[in-house]
Amino acid sequence: MSVSEKTRKILWVQAGGLCAICKEQVITSGTASDDPSVFGEEAHIVARSEGGPRAGGLAEDLINHHTNLILLCSKDHKRVDDQPNHFTVERLRLIKSEHEAWVRSVVDADKSRLRLVPDPMFPQPRALKLIMRGNPLWNMIKESFSFEYAIPDNLHDDDEDLIIEFMDLVRDFCDIAGDLVSVRENRDAEKILQQHISRLAEREFLVGAYVRHMLLTGGSADGPTPWPMLRVEVQPAALAELADESGTTYPRQTS
Ligand SMILES: [Zn+2]
């Protein structure tokens with residue numbers, strides 16, 4: 001009786017594809033024209049042959065059971081078989097169980113890590129939308145959970161102050177947008193944004209923005225949480241790469 005395909009899968013998955021002793025991944029990387037080389041081996045804890053190292057005492061059907069196998073690299077497999085006084089059955093069982101517990105803990109820790117991934121239900125924005133008025137930017141602020149920005153390099157101090165003031169305004173509005181419910185408050189917010197956008201335009205700067213629909217996954221939450229992220233950039237008008245509502249990029253080429 002040999003090791004079954006199913007037993008192999010159980011062993012390799014539980015070992016995380018790593019040697020239980022040196023923790024090396026038991027395949028090499030591939031090359032442009034070759035597959036990875038496999039140097040992982042399924043070593044018996046209680047040996048198969050009567051005369052072999054760690055022989056004896058296990059029923060035939062348990063010899064090739066995954067509980068009696070340990071995944072090792074070829075070097076450590078040879079070492080284990082060459083040094084049976086050190087690598088006893090008890091020691092190998094301990095190495096196996098500690099290794100598999102460690103693999104589980106790494107996988108669990110990775111699953112519980114919070115992270116943002118793109119939401120497959122929404123197309124991802126390819127270009128920033130040109131923002132000429134306060135209203136569309138305010139709508140983006142209201143729907144977003146977080147905010148990121150980009151500011152051009154090598155600005156005059158006056159321009160930099162103006163842009164930073166604008167970004168701080170957007171950030172503040174992101175924080176309080178949920179609390180502004182009345183039509184009056186919403187209208188006022190749009191107007192304040194409009195004033196800043198106009199002041200930037202007077203200095204030859206354009207505002208671009210998009211909302212990227214992300215999902216927050218991991219942690220203790222039940223399933224992923226939608227997490228729309230607002231990105232706002234201010235760009236010098238001459239260099240801006242933005243798209244208007246129709247998808248036309250700005251500035252239009254003029255000859
Ligand atoms: Zn090894």
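N154 sits in the loop that links β5 (146-150) to α6. In this predicted model, N154 has a positive phi of about 55° even though it is not a glycine. That is worth a pause, since most residues other than glycine have a negative phi. Is N154 buried or exposed? N154 is exposed, because just 7 other C-beta atoms lie within 10 Å, and a residue with 12 or fewer counts as exposed.

E204 makes a good companion to look at next. E204 is found in the loop between α7 and β6, and it too is a non-glycine residue with a positive phi, here about 70°. E204 has 11 C-beta neighbours inside 10 Å, so it counts as exposed.

Now let us turn to the helices on the far side of those loops. Helix α6 covers residues 157-176, and helix α7 covers residues 183-202. Two packed helices are described by the angle between their axes and the distance between the axes. Here are two such pairs, both involving α7.

| Helix pair | Angle between axes | Axis distance | Handedness of crossing |
|---|---|---|---|
| α5 (residues 134-143) and α7 | roughly 120° | within 8 Å | right-handed |
| α6 and α7 | about 160° | 10 Å | left-handed |

How is α6 oriented relative to α7? Their axes pack at an angle of about 160°, which makes α6 roughly antiparallel to α7. On the α6 side, the contact is made by L162, F166, L169 and F173, and on the α7 side by A189, I192, H196, R199 and L200. By class, these are seven nonpolar residues, one polar and one charged.

The other pair meets in another way. The axes of α5 and α7 cross at roughly 120°, and that makes α5 oblique to α7. Helix α5 brings G134, N135, L137 and W138 to the contact, while α7 brings N186, A189, E190, K191, L193, Q194 and I197. These residues divide into five nonpolar, four polar and two charged. If you are following along in the structure, A189 is a handy landmark: this α7 residue takes part in the contact with α5 and in the contact with α6.

These helices also lead us to the inside of the model. The largest nonpolar core has 24 residues, and those with the most contacts inside it are L137, V207 and A209. At least two residues of this core come from each of β4 (128-131), α5, α6, α7, β6 (205-217) and β7 (225-236). Which of these elements gives the most? Strand β6 does, with five residues.

A209 is a nice place to explore the surroundings. Setting aside neighbours within four places in sequence, A209 is in contact with L128, K129, I131, L137, M140, L230, R231 and V232. There is also a second, separate core of 17 residues, which includes C19, V26, C73 and L92.

Our last stop is L69, in strand β2 (residues 69-73). L69 is buried, because 23 other C-beta atoms lie within 10 Å and 20 or more is the mark for burial. Residues up to four places away in sequence aside, L69 touches V3, L11, E42, A43, H44 and I45. One of these, E42, shows how the chain brings distant stretches together: L69 and E42 are 27 residues apart in sequence, yet 5.9 Å apart in space, C-alpha to C-alpha.

How values were computed: Residues are numbered from 1 along each chain as its sequence is written. This is a predicted model: local features need pLDDT of at least 70, side-chain atom pairs count only at pLDDT 80 or more; totals for chains, interfaces and linings use all residues. Axes are lines fitted to C-alpha atoms, for helices over the stretch in contact, and angles run from 0 to 180 degrees between N-to-C directions. Helices (H or I, at least four residues) and strands (E, at least two) are DSSP runs, numbered from the N terminus. Angles under 35 degrees count as roughly parallel, over 145 as roughly antiparallel, 65 to 115 as roughly perpendicular and the rest as oblique. A crossing is left-handed if the near helix is turned anticlockwise from the far one by less than a right angle, and right-handed if clockwise. Two residues are in contact if their C-beta atoms, placed from the backbone, lie within 7 Å. Ala, Val, Leu, Ile, Met, Phe, Trp, Tyr, Cys and Pro count as nonpolar, Asp, Glu, Lys and Arg as charged, and the others, Gly among them, as polar. A nonpolar core is a set of buried Ala, Val, Leu, Ile, Met, Phe, Trp, Tyr and Cys residues joined through C-beta atoms within 7 Å.
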